Each structure stands twice: as structure tokens, then as C-alpha cells.
Amino acid sequence: MSGLLRAGVVSPAGVIAAVRRSERAEELRKAYGVEVFTAAEAARSAETLVITVKPQDMAALLNEIKADVTPEKLVIAHAAEPHLRRAEELLRPVGRVLRIPESQQDAATALSGSGPAYVYFLVEAMVDAGILLGMPRSTALEMVKQAVFGAATMLRDSGEHPVILREAVTSPGGTTINAIRELEKHRVRAAFLAAIEAARDRGRELGGG
């Protein structure tokens, strides 16, 4: 919502939010100047409904709003091609939009939806390493933040495969290759594969519940 408002795709007057907690409603009103109603009231008033709840909460929400969802409303869930294009127009100002087949939704959640948590976990570990090596926490955190930001920017802007980028900073017999050897020795790559697979499996369980 903040991305849409920031990009000018919609104005605060054109947005109705629905939340479960009253304190969250007040936060949204103050921060963005939008109206906050119950889910049923929002469904009754809005032309386009963006449903963003966890899979286990979907059935209850749909049951709450079903009487107010008429055929002319666009619900960003299952949609035909014109609806998909409209959804992309709404989402593109917020970031990059990818169309993912339904069969890959749980994998997308595990990889991208939970992805920031993996990055934060990595940052936390790197900062701890800096402290172990004698750095103040604030200095270690700032250095790691800049390293992650720079690497992500290079990955986005260069168009190169991550293997190529990693090899570019891995000189023969140098510090980086020794660090990579330890990561491989401790099966960090395998741990990530197993972790993301576990997240995918949990997503399936929640969606099925």
C-alpha cells in the first residue's frame, strides 16, 4: 500500500484498508491517511480487492466477505488475462512483478516470501563473526549492511550469474576462497536447500489447512 501511494498510482482517498487489530487501524490512518474498515465493509466499497492474508486465514476471510463480492469486482487471486495485467499495473510501482504458476506458489513463498529472514539471519551471523574478531557491534553491522547492499545492487544491475560475481572476488589462494571452503565444509549450501524445502512443505500444509 505504501508503494502504491508513494508512486501516485492511487491517492489515500482511493484506498480502503481492512485490519484485524484496532491499534493497527489507527497506525494506518495516521501514517497514510487512508480509511480503515472491516473486511466486509471494505469488500462492499472497493472496486479492486487485494487479499493479503496467510493461507490458514483465507477461508475465514472469504466467508466474511463473500456476500459483498459481486461479479464486477476484481479480486487479486485467480484472474483472467485482463485482470492479471491490471494486477501487474497495481503491483509494478512497488517492485518487480513476476508471474508464478499456481504449482510454484509454495516454492515462491519459501524462496521469496521468507527470503528476507534468511538474509537477516546471514547478516546476524556475519556481525557475530565481526564481534568474534574484535570489532564493535555497530562497526560490524555497518560493514555487513554495506556489503549486502553492494552485493545485491551488483547482482541486480550487472545481469551476471552469481557464480560469476563470486568468482570475480575469489582470488587464488586468497582470503575469500578459504572462507568459501569452510562454508562448503560445514554444508551451508545443503542447509539452505533443506531450509527452503522445509518452508515450502510448511506452506503446503498451511494452504491445505
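Here is a short walk through this structure, starting with how far to trust it and then moving along its charged pairs and two loops.

What you're looking at is a predicted model. Confidence averages a pLDDT of 90 across the protein, with 99% of its residues at 70 or more. If you want to see where that confidence peaks, look at helix α7 (residues 115–132), which has a mean of 96. At the other end of the scale sits strand β4 (residues 74–76), where confidence is lowest, at a mean of 82.

Now for the charged side chains. The structure holds 17 salt bridges, and a few of them make good stops. Start with D57 and R20, whose closest N and O atoms are 3.9 Å apart. D57 lies in helix α4 (residues 55–65), while R20 is in the loop between β1 (16–18) and α2 (22–32), so this pair ties together parts that are 37 residues apart in sequence. R20 is exposed, at 77% relative accessible area, whereas D57 is partly exposed, at 24%.

Step along into helix α2 and you'll meet another pair, R29 and E26. Their side chains form a salt bridge at 3.5 Å, N to O. The two residues are three apart in the helix, so about one helical turn separates them. Both fall in the partly exposed range: R29 has a relative accessibility of 34%, and E26 has 36%.

Further along the chain, R189 pairs up with E184, and here the closest N and O atoms are 2.8 Å apart. R189 counts as exposed at 52% relative accessibility, and E184 as partly exposed at 38%. Elsewhere, salt bridges chain together through shared partners: E81, R85, E88, R92 and R99 are joined into one network that way.

Next, the loops. Between α10 (175–185) and α11 (188–208) you'll find R187. Its phi is near 55°, a positive value in a residue other than glycine. R187 is also exposed, with a relative accessible area of 58%.

For a contrasting stop, go to T170, in the loop between α9 (162–168) and α10. Is T170 buried or exposed? At 17% relative accessibility, T170 counts as buried. So what does T170 touch? Its side chain reaches the backbone oxygen of R166 at 2.6 Å. Setting aside neighbours within four places in sequence, T170 is also in contact with T176 and I177.

Technical notes
Residues are numbered from 1 along each chain as its sequence is written. This is a predicted model: local features need pLDDT of at least 70, side-chain atom pairs count only at pLDDT 80 or more; totals for chains, interfaces and linings use all residues. Side-chain values use heavy atoms; hydrogens and water are left out. Helices (H or I, at least four residues) and strands (E, at least two) are DSSP runs, numbered from the N terminus. Buried means under 20% relative accessible area, exposed over 50%, partly exposed in between (1.4 Å probe, protein chains only). A polar contact is a pair of N or O atoms within 3.5 Å; within protein, one must be able to donate a hydrogen and the other to accept it, and residues adjacent in sequence count only if both atoms are side-chain atoms. Contact means heavy atoms within 4.5 Å. pLDDT is the predictor's confidence in each residue, from 0 to 100. A salt bridge is a side-chain nitrogen of Lys or Arg within 4 Å of a carboxyl oxygen of Asp or Glu.
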